[in-house]
Amino acid sequence: HKSCMSEERRQGQDKGVRPLSLAGHVGFDSLPDQLVNKSICQGFCFNILCIGETGIGKSTLMDTLFNTNFENFESSHFEPQVKLRAQTYDLQESNVRLRLTVVNTVGFGDQMNKQESYQPVVDYIDRQFESYLQEELKIKRSLHNYHDSRVHACLYFISPSGHSLKSLDLVTMKKLDSKVNIIPVIAKADTISKSELHKFKIKIMSELVSNGVQIYQFPLDDETVAKVNTTMNGHLPFAVVGSTEEVSVGNKMVKARQYPWGVVQVENENHCDFVKLREMLICVNMEDLREQTHTRHYELYRRCKLEEMGFKDTDPECKPVSLQQTYEAKRQEFLVELQKREDEMRQMFVQRVKEKEAELKEAERELQSRFEHLKRIHADEKATLEEKKRLLDEDQSSFSKRRAAAQLLQAQSLTANGKKDKDRKK
Amino acid sequence: RHEYSELHNRERRELFIRGTDLFGYVGIEAVLDQMRRKTMKSGFEFNIMVVGQSGLGKSTLVNTLFKSKVSRKSCTPNYEEKICKTVKLHSVSHMIEEKGVKMKLTVIDTPGFGDQINNENCWEPIVKYINEQYEKYLREELHVNRKRRIPDSRVHCCIYFLPATGHRLRPIDVEFMKRLGKIVSIVPVIAKADTLTIEERQEFKERIRQDLASNGICIYPQKEYDEDQEEHALNEKIRESIPFAVVGTDKEHQVNGNKVLGRKTKWGIIEVENVAHCEFSHLRDLLVRSHLQDLKEVTHNIHYETYRVRRLNESNVDFSVLGLTPWLLENGTADQSESQL
């Protein structure tokens, strides 16, 4: 075996650790394999976010990339707001198990007012970071079993206008570039000619640069892949065509789109950059994408969130603050705030009770006065009626008297006539 | 054209034929290589502690394990073994490399352990050291501005040297392993095993295993952490043969025309790497060739987490309480806070 002493010495001196040469084969060269075997047992997680207008070909591209028919819904163009739809699949290729989550935007670019279009996307990404952070901060946690839902790669689908980026594209990418690895792709690239495509790519890249949008750069630090990554960085953004339909070309069946004027072959590098995208996204840099998400984007989110909550590593005098001190201070603050809130609520409650009481009293008073009023009316009516009754009684009695008198008269006149008749007859 | 991807594709197509779970070639398998390359680039750290009375051959064994002069004894010129008045811990780090794999190896020595007349509580400095490393890591992990790679000084493995008495575990052995087994992965070994015959060795091991079981001592690898059938079968075999009876040396001799590591005595040469003579190879295979990564993971996922839970509970730190509510307070979700009240 060889031991590279000079490099070791350099490294050792850097860390203040002495390098040592081995007198024989020890066997820790199996360490990478031990690590990889453990990962195989656990399986891998990979989460891709696809942002693009409705109908631009996001789902088709995912199907083509992973050679699978994911369940796809055709979205309407009338979504009132941008939504995100996430679906998780378990894929396997020989002994590697991959838990793939594909997140698609729904209704992106369809609204009249697109000012807030980026917000649901940002919120989704932040929610996944928040989820992980919560787990990390738990007392009893299980990070190595945790289903990592953080977005590892964001494919931004650019419309093949052939001219430039839309302002929606720039605004959205600018909001996302510090949160996720952005890989821009030109969708439906078979609608652009080769020369137009070249100009289009240059225009897009210069617009991104001039607007300060940081897209994902394929890493150059590993010699094994630095060369291919450098070349690929120069081909961005990838112009892709997606298709799961197969067309016979020559004596093979290939994934392609058939037009009357010819067949666009997805895996033909002269026709589009699909193979490049697959190579970069999956075969060469998947692990780096995951690492960047964890060590850069997540750490940034975590730092900001903790600072927002008031946690610091050093106090105003720049002395290191112990976790306990910070925590105790925060906790006091929090308890005070909680108490204040509680008092506010109590006051509000008391106030509401008073108001209700007053209302009820008022209602009672009203009822009472109405009752009085009705009583008075009733008494008046009674008086009127009694008067009427009295009059009626008077009438009645005078009538009876008159009737009695009339009857008497009639009786008298009858007897008088009766005597007269008797007298005549005699 | 890209020579790399040409070669890549050719290799890949062969692999694709073997695995037809997806409808066609995707390239997910390549992530294994990516991972391998990244870990090789960043290197590994391994921290091993040796505990036992002086004269049991701790330094020699470590040197034999890593085929180099790793231990403190070999590093300090004119070293004289003095009996320390108390247990002091010393750690020495080295950078070693094999076939492109770089490892920072730290050996923590514990001179003075078990050497006093009164050895009560001699494990305390060791427990303190181990917990201090967990504390260091915890503090780094809790920083707002964290390092990209938190330096790992936690003890991944503690080799406990049992003298080859042939009888059973002594009180100091039981006390030490009982306490330490809860916070670190202990691998007990029978030191200077060339004083035992094979039969004596077997009986000794059997009695030790009984004593370990009857005292409820947890040693590595623990049954509860076996993840699947395969691992369980492998680890059962190991559990049935620990503690390994070892002999250490850094001297080479000629045996049958081959150079071997061995101890030369008047009655023969004890070949250290010969499994018929002693179990050194088994120990080396366990510690280095097959379970090194597992030792690190058990330390990180189990022992460190146990320490962290205890520490956070002690300080009454519960981030989830702080984590949710300020967010709510800021966003004024009244019903949530009402329900809490």
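Reader: To get me started, how many helices and strands does chain B have?
Author: We're looking at a predicted model here. In it, chain B is built with both kinds of element, and the count comes to 12 helices and nine strands.

Reader: What share of chain B's residues counts as buried?
Author: Chain B has 341 residues. Its accessible surface comes to about 16700 Å², with 50% of that belonging to carbon and sulfur atoms. As for the residues tucked away, the buried share is 52%.

Reader: Among contacts in chain B between residues at least 6 apart in sequence, what percentage joins residues at least 24 apart?
Author: Take the contacts in chain B whose partners sit at least 6 apart in sequence. Then keep those whose partners are at least 24 apart, and you are left with 66%.

Reader: Which elements of chain B help cover the buried residues of helix H6 of chain B?
Author: Helix H6 of chain B runs over residues 171-180, and its buried residues are B:Ile172, B:Asp173, B:Val174, B:Phe176, B:Met177 and B:Leu180. Their cover comes from both strands and helices of chain B. It includes strands E1 (44-51), E4 (157-162) and E5 (186-190), along with helices H5 (124-142) and H7 (198-214).

Reader: Over in chain A, is helix H8 largely enclosed or open, and how many of its residues are buried?
Author: Helix H8 of chain A covers residues 274-284. Its buried residues even include charged-type names such as A:Lys276, A:Arg278 and A:Glu279, next to A:Phe274 and A:Leu277. The helix is largely enclosed by the rest of the structure, because the buried count is 11 of the 11.

Reader: How far apart are the centres of the two domains of chain A?
Author: Chain A is divided into domain 1, made of 41-244 plus 272-309, and domain 2, made of 321-407. Going from the C-alpha centre of domain 1 to that of domain 2, the separation is 66 Å.

Reader: What are the helix and strand percentages of the span that UniProt annotates as "Septin-type G" in chain A?
Author: The UniProt record, an unreviewed entry, puts that domain at residues 42-308 of chain A. The end C-alpha atoms of this span lie 34 Å apart. Its make-up is 38% helix and 22% strand.

Reader: And the "coiled-coil region" in chain A: how far apart are the end C-alpha atoms?
Author: UniProt, again in an unreviewed entry, places that feature at residues 346-373 of chain A. Over this span the chain is 100% helix and 0% strand. From one end C-alpha atom to the other, the distance is 41 Å.

Reader: Which residues make the nonpolar surface patch of about 270 Å²?
Author: One member to look for is A:Val350, found in helix H10 (residues 323-425) of chain A. With a relative accessible area of 42%, A:Val350 is partly exposed. The full set is A:Phe349, A:Val350 and A:Val353.

Reader: Where is A:Arg141, the residue that pairs with B:Glu305?
Author: The two side chains meet in a salt bridge, 2.8 Å from N to O. Both B:Glu305 and A:Arg141 are buried. The pair crosses between chains: B:Glu305 is in helix H10 (residues 292-314) of chain B, and A:Arg141 is in the loop between helix H4 (118-137) and strand E5 (153-158) of chain A.

Reader: What about A:Glu291 and B:Lys38: which helices do they lie in?
Author: These two form a salt bridge, with the closest N and O atoms 3.6 Å apart. The pair joins two chains, because A:Glu291 lies in helix H9 (residues 286-308) of chain A and B:Lys38 in helix H2 (residues 30-42) of chain B.

Reader: Is B:Lys128 buried or exposed?
Author: B:Lys128 meets B:Glu132 in a salt bridge of 3.5 Å, N to O. Both lie in helix H5 of chain B, four residues apart, about one turn of the helix. At 38% relative accessibility B:Glu132 counts as partly exposed. B:Lys128 has a relative accessible area of 53%, and the cut-off is over 50%, so B:Lys128 is exposed.

Reader: How many salt bridges does a search of the whole structure find?
Author: Side chains of opposite charge can pair when their charged atoms come close. Counted over all chains, the search finds 50 salt bridges.

Notes
Residues are numbered from 1 along each chain as its sequence is written. Chains are lettered from A and ligands numbered from 1 in the order in which they are written. This is a predicted model: local features need pLDDT of at least 70, side-chain atom pairs count only at pLDDT 80 or more; totals for chains, interfaces and linings use all residues. Side-chain values use heavy atoms; hydrogens and water are left out. Buried means under 20% relative accessible area, exposed over 50%, partly exposed in between (1.4 Å probe, protein chains only). UniProt positions are given in the numbering used here, feature names are shortened, and annotations may be inferred rather than shown by experiment. Contact means heavy atoms within 4.5 Å. Domain bounds come from an automatic or database domain assignment. Patches are made of residues with over 30% relative accessible area and no salt bridge: like charges are joined within 9 Å, nonpolar side chains (Val, Leu, Ile, Met, Phe, Trp, Tyr) within 5 Å. Accessible areas come from the Shrake-Rupley method with a 1.4 Å probe; for residues, only the protein chains shown count as cover. A salt bridge is a side-chain nitrogen of Lys or Arg within 4 Å of a carboxyl oxygen of Asp or Glu.
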